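Here are two short exercises to work through with the structure open beside you. Try each task before reading its solution.

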Amino acid sequence: MKVSKLFMATQREIPADAEIPSHQLMVRAGLIRKCASGIYSFMPIGWRSYKKIENIIREEMDNAGAQELIMPALLPAEAYQASGRWEKFGPEMFRLEDRGGRSFCLGPTHEEPFTEAVRDTIRSYKQLPVTLYQIQHKYRDEKRPRFGVMRSREFVMKDAYSFDVDEQGLDESYQIMYKAYRRIFDRLGLDYTIVDADSGAMGGSGSQEFMVKSPVGEDGICYCDACGYAANEEKAACNVPAADTSAELPVEKIHTPDVKTIEELMAFMNAEPSEFVKTILNDIDGKIVAVMVRGDREINETKLKNLYDATEMNLAAFDDVEAVTGAKVGFAGPVDLKKKIEVIIDNEVSAMKNFIVGANETDYHFKNINIGRDFTPDRVVDVRNAVEGDACPKCGQPLKMARGVEVGHIFKLGTKYSKALNCVYLDKEGKENPMIMGCYGIGVSRTLAAIIEQYHDDDGIKWPVAAAPYTVIIVPTKVNDEENMGLAGKLYDELTSMGVDVLLDDRNERPGVKFKDADLIGIPLRITVGRRAGEGIVELKYRADGSSSEVSYDEAVKAVRELV
Ligand code: ATP
Ligand code: MG
């Protein structure tokens with residue numbers, strides 16, 4: 001491809017909504033173009049990288065024996081109603097009606113239609129196992145679309161589904177996908193961790209996530225160097241610590257005017273946040289619930305949602321807080337609630353003594369509150385996020401924390417969908433049994449962004465060869481010079497005939513401008529045809545490490561062959 005002909009949309013300005021390097025670089029290098037919040041077009045250069053990633057995924061899926069097909073993105077409601085997910089997806093599902101008033105959604109994930117297709121096709125145990133997949137756009141009306149294609153509302157997912165006769169079969173199908181995922185992310189050159197994950201809205205028993213380590217990752221990863229345990233923060237269990245055995249002190253009511261934050265309250269009371277217990281009122285599918293965690297901890301939304309099998313969870317509205325506590329927001333506590341609601345305390349709080357809570361009275365807190373004596377919780381559960389230094393749930397050693405981008409997710413679903421949609425097979429005895437399912441997703445567009453997160457510098461993207469839009473860019477420094485352009489053209493023709501993805505920057509621009517663009521787009525190897533063109537000497541420059549050398553024409557061709 002000649003750069004003069006390339007539909008290239010590089011941009012100097014960084015858009016205000018681009019908060020992370022991959023998003024900024026994808027816009028600057030012209031890989032994507034925003035259409036609306038969380039909705040992007042892929043431009044030619046971006047689409048080339050996208051297709052390379054997609055093809056690696058496709059090759060590994062095919063090698064693993066999965067069969068590709070394509071389902072509609074526009075799907076009738078019925079199957080999702082039968083599985084319960086028409087409700088469960090809540091506002092995240094894009095819904096619409098046809099002219100006849102029939103309900104549809106834009107597929108957020110396709111367990112239901114795959115289950116129906118297998119139900120209608122397979123009768124006997126002899127036809128199992130089978131794993132099917134597609135690579136297709138998915139639609140989710142995310143609460144916070146952001147980071148470009150990392151969390152978008154339309155995105156591409158590779159989703160695969162396995163159908164087996166029993167649990168052992170599922171284990172095998174799952175292992176095959178696990179290995180295929182490792183090969184995919186290895187081939188893409190990603191530095192990733194595999195963590196135990198929450199099964200969430202999908203239902204089911206086991207699941208693991210493939211996390212690309214990155215400071216911009218939205219997921220917390222807890223890991224233990226001692227035993228190798230690794231889990232998503234959403235899932236990592238927090239055990240009950242040893243109980244505080246101090247004597248119970250008498251309750252004191254303290255006037256705490258003008259304290260707005262926990263820090264101000266602690267300074268005022270000369271206490272540590274670990275001596276305080278926050279009482280947070282949540283609206284869980286319309287029900288107000290008080291959740292108590294230690295002052296320096298965060299509620300784990302996933303654990304709380306799972307506890308209630310909830311669809312929607314938000315902080316309670318100010319009005320609700322005031323009605324329940326009888327006080328302004330900021331003074332909620334478990335003692336003397338004006339309105340009876342469920343009070344949940346975190347495991348860790350259950351081991352505490354003589355702690356501080358809000359008094360359900362504006363400008364007042366209680367000191368020396370004790371469970372049993374001063375209030376009785378409805379439930380004691382694990383509802384907080386694990387933090388650095390927590391005991392590893394497996395071996396007890398201190399946990400470490402890192403951030404990651406979830407690029408892939410594999411689940412053992414079991415019979416949730418096969419039972420709901422009557423996807424059964426006949427066994428050897430001629431008896432009907434529900435099929436045992438697994439599902440396996442990769443965010444294809446998100447993976448592209450994750451690669452850029454791990455492969456970039458201040459000048460631009462540093463594509464690994466496997467995902468580079470073009471492997472080589474030839475930069476003649478003087479396009480009007482016959483010798484210079486002649487050598488560049490010859491090299492271009494030779495590399496093209498070798499099947500190499502090569503760009504020839506034939507624009508009449510200063511070399512500096514061309515070098516900048518090549519660096520920004522992140523082409524792995526730049527070959528500059530410059531002042532020594534007459535001697536047949538060119539310069540090689542590798543984007544990965546910035547190393548450069550002057551070599552003969554033949555050596556340049558050899559270097560390209562080695563690279564690909
Ligand atoms: P997240 O926790 O990031 O919202 P999820 O658990 O909802 O992800 P899955 O339903 O498991 O995601 O989807 C499979 C894969 O699809 C994810 O591993 C991720 O790579 C990708 N994915 C999910 N949501 C998005 C999105 N909004 N934009 C881009 N990719 C996404
Ligand atoms: Mg999600």
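Helices and strands here are DSSP runs, numbered from the N terminus. Keep in mind that the model is predicted.

**Exercise 1: a pocket and its lining**

Task: find which strand gives the most to the lining of the second largest pocket, and describe that lining.

Solution:
- Step 1. Begin with the space itself: the second largest pocket holds about 600 Å³.
- Step 2. Go to its centre. The lining has 22 residues, and those closest to the centre are Lys260, Thr279, Val329, Gly330 and Phe331.
- Step 3. Look for elements that supply at least two lining residues each: α7 (262-269), β14 (277-284) and α9 (318-325) do so.
- Step 4. Pick out the main contributor. With four residues, β14 gives the most.
- Step 5. Sort the lining by character: 13 residues are nonpolar, five are polar and four are charged.

**Exercise 2: three strands in a row**

Task: trace how β30 pairs with β29 and with β31.

Solution:
- Step 1. Start with β29 (residues 525-529). Four bridges link this strand to β30 (residues 537-542), and the pairing is antiparallel.
- Step 2. Check the register of that pair: across from Arg526 you will find Lys541 of β30.
- Step 3. Move on to β31 (residues 548-552), which runs antiparallel to β30 and is joined to it by five bridges.
- Step 4. Check the register again, where Ile537 faces Ser552 of β31.
- Step 5. Finish at the hairpin of β30 and β31. Five residues lie between these strands, and Gly546 in this hairpin has a positive phi near 75 degrees.

Definitions and conventions. Residues are numbered from 1 along each chain as its sequence is written. Chains are lettered from A and ligands numbered from 1 in the order in which they are written. This is a predicted model: local features need pLDDT of at least 70, side-chain atom pairs count only at pLDDT 80 or more; totals for chains, interfaces and linings use all residues. Side-chain values use heavy atoms; hydrogens and water are left out. On a 1 Å grid over the protein atoms alone, a cavity is a set of points where a 1.4 Å probe fits but cannot get out, and a pocket is an open set with protein on both sides within 12 Å along at least five of seven lines; lining residues have an atom within 4 Å of a point. Grid points are joined across faces, edges and corners, and a volume is the space filled by probe spheres set on the points. Ala, Val, Leu, Ile, Met, Phe, Trp, Tyr, Cys and Pro count as nonpolar, Asp, Glu, Lys and Arg as charged, and the others, Gly among them, as polar. Two strands pair if DSSP finds at least two bridges between them.
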